[in-house]
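Let's take a walk through this model together, starting with charged side chains and moving on to rings, cores and domains. Please keep the structure open as you read.

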Amino acid sequence: MEVVATNGQIIKGKPVADKISENLINEVNELVKEGINPKLTIVRVGSRGDDLAYERGALKRCETIGIQTEVLELKEDITQEEYINELTKLNNDKNVHGILCFRPLPKQLNEEEIKYVISPEKDVDSFSPINTAKVMEGDTTGFPPCTPTAVVEILKHYDVNLNGAKVAVLGRSMVVGKPAAMLLLNENATVTICHSRTKDLANVTSEADVLVAAVGRAKMVKADFVKQGAVVIDVGINVDEDGKLCGDVDTNAVVEKASMITPVPAGVGSVTTSILAKHVVKACKLQNNK
Ligand code: NAP
C-alpha cells in the first residue's frame, strides 16, 4: 500500500487486521477441504474484565475466519496441580492446535513452572520460554507474542522502512517492550529500549524515526518526546481523567508533529487478535506437516 507521509496521519489497525483476516480465510478454507479444522482453546481463570474483553475480540475474530474456538473457564481457586492437569490435557488433545493462557495467573499458581508445561507448538502467545528464545534467535518457526507482532505488522503495512531506522521502544516488559525491541531488531532497525530509569527520556525518544510507546501511563508521551516526522505506535491501553480509553501518547499534542500515529482505541489492539488467529493457523499447519 502506497502511503504519503503527510503529518498527522492517523493509521488505524482495521485495514491491517482485515488484510490478515482475508488471507487467513483462504488458508483455513484450504485446510477445511482437507478435513483439518484449526482450533484455539482459551484458558481463563475466573473472569477478569481485561481477559473477558480480549476473549470477546479473539472469539469474534476467529469466528470470522473460520477457526474453531473453545473457552476453558477454570475456577478462581484452582490449584497448581489442577491447572497443570488441564493444560496437559490440551497439550495432548490432537483437535486443539493453539492454546492461549490468560495471564497474569492468580497468586496461588506458579507461572514460572506452568510456562514450561504449555506445549511450545501450541503456545500461540509466547508463554513458553522456548518461544521467547526463538524471538531472541530470530527463529521464525516460533510464536512471538501477539501485541509486539501487531506493532511490526502495522509498520510493514503502512510501508514504514525499518531497515537501519532509529527506533525507540518505551517500556521493557516481557509482554510488549522487550519482544517488540527484538522483533524490530530482526527487521534491521537500530533499537533503543527506554524504561523508568532512562535519563533524559524525551531527548532519547526524540532522536527516533519510529517511537513505540508501551508504558501503561495515560498520555505520558508529549510532543517533546517525538522527532518531527516520526512514526508513533501507541500500544498503551489506559483510562484518562474523564474515564475514557486512551493510549500512552497524548495524541492531540503529538499528531501534528508525527508523520503517522496509531489511535487508541482502534490501533494496535485491533490487530492483536488477527495475529493470534494467524498463529493458530500456523500452529495447525505445523502440527499437520503443512
Ligand atoms: P508493564 O509491564 O507495566 O511495563 C511498563 C514498562 O514501562 C516498564 O518497562 C516500565 O519501566 C516502563 N515505564 C513505566 N513508567 C515509565 C516512565 N514514567 N518512564 C519511562 N518508562 C516507564 O506494562 P506492559 O504490560 O508492557 O503494557 C504496557 C501498555 O501496553 C499498557 O498500557 C497495557 O495496557 C498495554 N497493552 C496493550 C496491548 C494491546 O493489545 N494493545 C497488549 C498488552 C499491553 P521499568 O521496567 O523500569 O519499570
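## Salt bridges

D51 and R48 are joined by a salt bridge between their side chains, with 3.1 Å from N to O. The two partners differ in how much of them is covered: D51 counts as buried because its relative accessibility is 4%, under the 20% limit, whereas R48, at 33%, counts as partly exposed. Another set of residues, R44, E55 and E73, is joined into one network by salt bridges that share partners. This is a predicted model, and it holds 18 salt bridges.

Helix α1 (residues 14-33) is a good place to look for others. K14 and D18 both lie in this helix, 4 residues apart, which is about one turn. Their salt bridge brings the closest N and O atoms to 2.8 Å. K14 is exposed at 53% relative accessibility, while D18 is partly exposed at 32%. Also in helix α1, E30 and K33 are 3 residues apart, so about one helical turn separates them. Their side chains form a salt bridge as well, at 3.3 Å from N to O. Here E30 is partly exposed, with 43% relative accessibility, and K33 is exposed, with 66%. As a general point, side chains of opposite charge can pair when their charged atoms come close.

## Rings and a charge over a ring

The count of aromatic pairs comes to 1. Its rings belong to Y54 and F102; the centres are 6.0 Å apart and the planes meet at 65°, so the pair is edge-to-face, the angle being over the 60 degrees used for that class. Y54 sits in helix α2 (residues 49-65), and F102 in the loop between β4 (98-101) and α4 (111-114), so the pair ties together parts that are 48 residues apart in sequence. Are the two residues buried or exposed? Y54 is partly exposed, at 21% relative accessibility, and F102 is buried, at 6%.

A ring also meets a charge in this model. The charged end of K282 sits over the ring of F143, at 5.1 Å from the ring centre.

## Two domains and the core between them

The protein is divided into domain 1 (34-119) and domain 2 (146-269). Their C-alpha centres lie 29 Å apart.

What lies between them? The largest nonpolar core has 50 residues, and L40, I67, L155, L184, V212 and I233 touch the most other members. Helix α10 (residues 268-287) gives the most to this core, with 9 residues. Both domain 1 and domain 2 give residues to the core, so it lies between them. L40 shows the kind of surroundings found there: leaving out residues up to four places away in sequence, L40 touches C62, I67, Q68, T69, E70, G98, I99, L100, V124, L276 and V280. A second, separate core has 18 residues, including A208, V226, V249 and I261. In soluble globular proteins, nonpolar side chains tend to be buried together.

## Two buried residues to visit

I84 has its place in helix α3 (residues 80-92). With a relative accessible area of 16%, I84 is buried. Residues up to four places away in sequence aside, I84 touches E113, I114 and V117. If you would like a longer span to trace, I84 and F143 are 59 residues apart along the chain, and 21 Å separates their C-alpha atoms.

D250 is found in the loop between β10 (245-246) and α9 (251-254). Despite its charge-bearing name, is D250 buried or exposed? At 16% relative accessibility, D250 counts as buried. Beyond its neighbours within four places in sequence, D250 is in contact with K219, V221 and K222.

Methods: Residues are numbered from 1 along each chain as its sequence is written. This is a predicted model: local features need pLDDT of at least 70, side-chain atom pairs count only at pLDDT 80 or more; totals for chains, interfaces and linings use all residues. Side-chain values use heavy atoms; hydrogens and water are left out. Domain bounds come from an automatic or database domain assignment. A nonpolar core is a set of buried Ala, Val, Leu, Ile, Met, Phe, Trp, Tyr and Cys residues joined through side-chain atoms within 4.5 Å. Buried means under 20% relative accessible area, exposed over 50%, partly exposed in between (1.4 Å probe, protein chains only). Helices (H or I, at least four residues) and strands (E, at least two) are DSSP runs, numbered from the N terminus. Contact means heavy atoms within 4.5 Å. Rings of Phe, Tyr and Trp (its six-membered ring) pair if their centres lie within 6.5 Å; planes under 30 degrees apart count as stacked, over 60 as edge-to-face and the rest as tilted. A charge sits over a ring if NZ of Lys or CZ of Arg is within 6 Å of the ring centre and within 35 degrees of the ring normal. A salt bridge is a side-chain nitrogen of Lys or Arg within 4 Å of a carboxyl oxygen of Asp or Glu.
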